[in-house]
Amino acid sequence: MTIQPRYPNAASDPRLTSVELEHRALRQEVTNLEWFGAPVDKSKRDKLKTLRLMMQAGKFYTPNF
């Protein structure tokens, strides 16, 4: 008897967020703010760095909680 997974892969699991997609969206937001001369919060830059380090470490999904 085998256990069937609830979701066929991590990409379709609603309980997980793609680190790559989140990184792209935040990078675009920071780039737009810089382009228009608006200040960028340090927290956004720190989050961007954290996401980049997660991808480099091989962590491509993060749980939503």
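Contact here means heavy atoms within 4.5 Å. The legends below describe a predicted model.

**Figure 1. Proline 14 and its contacts in the segment before strand S1.** Proline 14 is placed in the segment before S1. Apart from residues up to four places away in sequence, proline 14 touches Tyr7 and Asn64. Its relative accessibility is 54%, and proline 14 therefore counts as exposed, the cut-off for that class being over 50%. The C-alpha atoms of proline 14 and lysine 59 are separated by 17 Å, with their positions 45 residues apart along the chain.

**Figure 2. Overall view of the protein and its elements.** The secondary structure consists of two helices and two strands, and along the sequence these elements follow the pattern β-α-α-β. The radius of gyration is 16 Å, well over the 11 Å that the globule rule gives for 65 residues, so the protein is more spread out than a compact globule. Taken along the principal axes, the C-alpha atoms fill a box of roughly 60 × 20 × 20 Å. Of the 65 residues, 15% count as buried. Among contacts with a separation of 6 or more, 63% are between residues 24 or more positions apart.

**Figure 3. Surface and charged side chains of the protein.** The protein exposes about 5500 Å², and carbon and sulfur atoms supply 57% of this area. There are 11 positive and 7 negative side chains, and the centres of the two sets lie 4 Å apart. Side chains of opposite charge can pair when their charged atoms come close. A search of the whole structure finds six salt bridges; three of them are described in the legends that follow.

**Figure 4. Arginine 15 and its salt bridge with aspartate 13.** Arginine 15 lies in the segment before strand S1, which spans residues 16-18. The side chains of arginine 15 and aspartate 13 meet in a salt bridge, with an N to O distance of 3.0 Å. The two partners fall into separate classes of accessibility: aspartate 13 counts as buried at 11%, whereas arginine 15 is partly exposed with a relative accessible area of 45%. Leaving out residues up to four places away in sequence, arginine 15 touches Arg6, Tyr7, Thr62, Pro63 and Asn64. One of these residues, asparagine 64, is 49 residues from arginine 15 along the chain, and the C-alpha atoms of the two are separated by 5.5 Å.

**Figure 5. The salt bridge between glutamate 22 and lysine 47.** The side chains of glutamate 22 and lysine 47 meet in a salt bridge at 3.7 Å, N to O. This pair links distant parts of the chain, with glutamate 22 in helix H1 (residues 19-35) and lysine 47 in helix H2, 25 residues apart. Glutamate 22 counts as partly exposed at 27% relative accessibility, and lysine 47 counts as partly exposed at 39%.

**Figure 6. The salt bridge between glutamate 29 and lysine 44.** A salt bridge joins the side chains of glutamate 29 and lysine 44, with an N to O distance of 2.4 Å. Glutamate 29 belongs to helix H1 and lysine 44 to helix H2, so the pair ties together parts that are 15 residues apart in sequence. At 36% relative accessibility, glutamate 29 counts as partly exposed; lysine 44 is also placed in the partly exposed class, at 22%.

**Figure 7. Histidine 23 in helix H1.** Histidine 23 lies in helix H1 and counts as buried, with 8% relative accessibility. Not counting residues up to four places away in sequence, histidine 23 touches Leu48, Leu51, Arg52 and Met55.

**Figure 8. Phenylalanine 60 in the loop between helix H2 and strand S2.** Phenylalanine 60 is found in the loop that runs between helix H2 (42-56) and strand S2 (61-63). With a relative accessible area of 47%, phenylalanine 60 is partly exposed. Its contacts, leaving aside neighbours within four places in sequence, are with Thr17, Ser18, Val19, Glu20 and Met55. The C-alpha atoms of phenylalanine 60 and asparagine 9 are separated by 13 Å, and the two residues are 51 residues apart along the chain.

Technical notes: Residues are numbered from 1 along each chain as its sequence is written. This is a predicted model: local features need pLDDT of at least 70, side-chain atom pairs count only at pLDDT 80 or more; totals for chains, interfaces and linings use all residues. Side-chain values use heavy atoms; hydrogens and water are left out. Helices (H or I, at least four residues) and strands (E, at least two) are DSSP runs, numbered from the N terminus. The radius of gyration is taken over C-alpha atoms; the globule rule is 2.2 Å times the number of residues to the power 0.38. Buried means under 20% relative accessible area, exposed over 50%, partly exposed in between (1.4 Å probe, protein chains only). Accessible areas come from the Shrake-Rupley method with a 1.4 Å probe; for residues, only the protein chains shown count as cover. Lys and Arg count as positive and Asp and Glu as negative; His and the chain ends are not counted. The place of a charge is taken as NZ of Lys, CZ of Arg, CG of Asp or CD of Glu. A salt bridge is a side-chain nitrogen of Lys or Arg within 4 Å of a carboxyl oxygen of Asp or Glu.
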